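Please open the structure in your viewer and keep the selection tool at hand, since this tour goes from one selection to the next and says what can be found at each stop.

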Amino acid sequence: MKTLIQSVYEIADAQNYMSMDRTQSSVFQTSLEDNKVLKDLAKSEGKEWTRKYIKDTLLNDYSKKKRHPPAQL
């Protein structure tokens with residue numbers, strides 16, 4: 001079973017989150033917030049499924065990792 005982070009990152013990749021403008025990003029965040037599967041997964045992992053958590057934690061981390069991937073050895 002995928003983790004919450006894996007699930008959100010997979011959806012963000014599929015929806016091309018990094019190319020979204022501010023309006024599109026807001027709509028995307030709403031779709032994540034309303035996603036029952038993600039809500040249930042967050043609950044099972046003890047996470048509070050709020051827009052603030054989605055935006056400030058998950059998508060912020062996702063964006064940083066996409067902009068600055070780790071160097072390959």
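## A walk through the helix contacts

Begin by selecting Ser26, Phe28, Gln29, Thr30, Leu32 and Glu33 in helix 2, and then add Arg51, Ile54, Lys55 and Leu59 in helix 4, which are the residues they meet. Keep in mind as you look that this is a predicted model. Sorted by class, this contact of helix 2 with helix 4 has four nonpolar, three polar and three charged residues.

Now show the two helices as ribbons and look at how they lie. Two packed helices are described by the angle between their axes and the distance between the axes. For helix 2 and helix 4 the angle is about 115 degrees, and the axes are 10 Å apart. The two helices are therefore roughly perpendicular to each other, and the crossing of helix 2 and helix 4 is right-handed.

Keep helix 4 on the screen and bring in helix 1, where you can select Leu4, Ile5, Val8, Tyr9, Ala12 and Asp13. On the side of helix 4, the residues that they meet are Tyr53, Leu58, Leu59, Asp61, Tyr62, Lys65 and Lys66. Which classes make up this contact of helix 1 with helix 4? Its residues divide into nine nonpolar, no polar and four charged. The axes of helix 1 and helix 4 come within 11 Å and cross at roughly 65 degrees, and the two helices are therefore roughly perpendicular to each other. The crossing of helix 1 and helix 4 is right-handed.

Next, hide helix 4 and select residues 4-14, which form helix 1, together with residues 36-44, which form helix 3. These two helices pack at an angle of about 155 degrees, and their axes are 9 Å apart. That angle makes helix 1 roughly antiparallel to helix 3, and their crossing is left-handed. To see the contact itself, pick Leu4, Ser7, Val8 and Ile11 of helix 1, and Leu38, Leu41 and Ala42 of helix 3. By class, the residues of the contact of helix 1 with helix 3 are six nonpolar, one polar and no charged.

For the last stop, turn to empty space. Rolling a probe the size of a water molecule over the atoms shows where empty space is left. The largest pocket has a volume of about 210 Å³, and you can display its lining by selecting Tyr17, Met20, Asp21, Arg22, Ser25, Ser26, Gln29, Lys55, Leu59, Asn60, Ser63 and Arg67. Which helix gives the largest share of this lining? Helix 4 does, with five residues. Helix 2 (22-33) and helix 4 (51-67) each supply at least two residues of the lining. Colour the lining by class, and you should find three nonpolar, five polar and four charged residues around the largest pocket.

How values were computed
Residues are numbered from 1 along each chain as its sequence is written. This is a predicted model: local features need pLDDT of at least 70, side-chain atom pairs count only at pLDDT 80 or more; totals for chains, interfaces and linings use all residues. Side-chain values use heavy atoms; hydrogens and water are left out. On a 1 Å grid over the protein atoms alone, a cavity is a set of points where a 1.4 Å probe fits but cannot get out, and a pocket is an open set with protein on both sides within 12 Å along at least five of seven lines; lining residues have an atom within 4 Å of a point. Grid points are joined across faces, edges and corners, and a volume is the space filled by probe spheres set on the points. Helices (H or I, at least four residues) and strands (E, at least two) are DSSP runs, numbered from the N terminus. Ala, Val, Leu, Ile, Met, Phe, Trp, Tyr, Cys and Pro count as nonpolar, Asp, Glu, Lys and Arg as charged, and the others, Gly among them, as polar. Axes are lines fitted to C-alpha atoms, for helices over the stretch in contact, and angles run from 0 to 180 degrees between N-to-C directions. Angles under 35 degrees count as roughly parallel, over 145 as roughly antiparallel, 65 to 115 as roughly perpendicular and the rest as oblique. A crossing is left-handed if the near helix is turned anticlockwise from the far one by less than a right angle, and right-handed if clockwise. Contact means heavy atoms within 4.5 Å.
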